[in-house]
Amino acid sequence: MAKLGELSPKIREYVLEEDPRRWARCFYPCRWYNAQTSNIAESMNSALKKAKELHIVSMLELLRGKLQTWFVERTKAANEVMYDLTPRANEKLQKILQKAFQMKVETLTLSRVNITENQREFIVDLENRTCTCCRFEHEELPCAHAIAAIDKRKLSKHPFCGRWYLNSEYKETYKGVIHPVGNEDDWDIPEEIREIILKHPNYKVRKGRRQKERYQPSSENYVAKRKCGRCKQLGDT
């Protein structure tokens, strides 16, 4: 907040007026696991851009096929992992290992350890999976201080991770099978569904060419991709 105040005192005052649970992860009552997706709707629109141009039945079949492909790819990726954590969780732990090895570790009890980092002290409780930096308990993934404490005890790291970071849970998420629709002659459609008559939506098509790409706001850093008029390759001029 001190850095924010230096940049803009008005913004700092505005933020402090709001409930800290709305902008501070340490005060948020639920778990965030430090995994956030920015605008999932845009991601889905980009992946299904071609599907929106199809007939409704063909579009639904393409969506089913896309989901089936995603499930198979992620199941294959999970089966190729040779360690207990998911690839993303393991990569995150590997990035902070070097930082953890540079810390001073002092054992207080069998489960509590005092960690010194840049002349600041942090208390790690391995039994309750907490750290005074608050990252350990909120992300349910060992912070650098917890890793230093775990390494001091010569323990494995994955038992101190939340079960959502385990590769076994990753496999469980995508173990389902999305079956094909099958032949229409084999469908078992209830009579009350057959009697339903669907009408066209009361919608007037606007004049002009339909917009397919979203508007790019000026706040986003966007570099236009130029295509060469001769070789038709991107990047040339």
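These are my notebook entries on one predicted protein model.

**Overall layout**

I started with the element count, and the protein has nine helices and four strands. Reading from the N terminus, I get α-α-α-α-α-β-β-β-β-α-α-α-α. I then looked at burial: of the 237 residues, 20% count as buried. The accessible surface comes to about 19700 Å², and carbon and sulfur atoms account for 51% of that. For contacts between residues at least 6 apart in sequence, I noted that 47% join residues at least 24 apart.

**The sheet**

Next I asked myself in what order the four strands sit in the sheet. They form an open sheet ordered 1-2-3-4, with antiparallel pairing. Strand 1 (104-107) and strand 4 (130-131) are the edge strands, each pairing on one side only. A reminder to myself: strands of a sheet pair through backbone hydrogen bonds, either parallel or antiparallel.

I went through the pairs one at a time.

- Strand 1 with strand 2: I find four bridges, antiparallel. The two strands make a hairpin with four residues between them. V105 stands opposite I115 in strand 2.
- Strand 2 with strand 3: I find six bridges, again in the antiparallel sense. I115 faces F122 in strand 3, and E117 stands opposite R120 in strand 3. This hairpin has two residues between the strands, and N118 takes a positive phi near 50 degrees.
- Strand 3 with strand 4: I find two bridges here, and the strands run antiparallel. V124 has C131 of strand 4 as its bridge partner, and D125 stands opposite T130 in strand 4. Four residues separate the strands in this hairpin, and R129 in the turn has a positive phi of about 55 degrees.

I115 turns up twice in my list, opposite V105 and opposite F122.

**Two residues in the sheet**

I picked V124 to look at, which belongs to strand 3. Buried or exposed, I wondered about V124? V124 is buried, since its relative accessible area is 0% and the cut-off for buried is under 20%. I then listed what V124 touches, leaving out residues up to four places away in sequence. The list is S111, R112, V113, I115, T130, C131, H145, A146 and A149. I placed some of these: I115 is opposite F122 of strand 3, and C131 is the bridge partner in strand 4. H145, A146 and A149 are also on the contact list, and helix 7 covers residues 144-152. I also checked V124 against C134: they are 10 residues apart in sequence and 9.7 Å apart in space, C-alpha to C-alpha.

My other pick was N114, in strand 2. N114 counts as buried because its relative accessibility is 5%, against a cut-off of under 20%. With residues up to four places away in sequence set aside, N114 touches K104, V105, E106, L108, E121, F122 and I123. I looked up where some of these sit: strand 1 spans 104-107, and strand 3 spans residues 120-125. I also jotted down the general rule that in a regular strand the side chains alternate between the two faces of the sheet.

**Helices by the sheet**

I turned to helix 7 (residues 144-152) and asked which strands it lies across. Helix 7 lies across strand 1, strand 2 (112-117), strand 3 and strand 4. Against strand 2, helix 7 runs at about 125 degrees.

Then I looked at helix 5 (residues 87-101) and checked its length. At 1.5 Å a residue, its 15 residues should span 21 Å. The end C-alpha atoms are 22 Å apart, which agrees. Helix 5 does have a kink of about 30 degrees, centred on K95.

Which residues of helix 5 are buried, I asked next? They are A89, N90, L93, L97 and A100. The buried residues of helix 5 pack against helix 7. So my last note puts two things together for helix 7: the buried residues of helix 5 pack against it, and it lies across strands 1, 2, 3 and 4.

Key: Residues numbered from 1 in each chain as written. Predicted model: local features only at pLDDT ≥ 70, side-chain atom pairs only at ≥ 80, totals over all residues. Heavy atoms only, no water. Buried < 20%, exposed > 50% of the residue type's maximum accessible area, 1.4 Å probe, protein only. Contact = heavy atoms within 4.5 Å. Areas by Shrake-Rupley, 256 points an atom, 1.4 Å probe, with all protein chains shown as cover. Pairing = 2+ DSSP bridges. Axes fitted to C-alpha atoms, helices over the stretch in contact; angles between N-to-C directions. Expected span 1.5 Å × (residues − 1). Bend = angle between axes of the 7 residues up to and from the residue.
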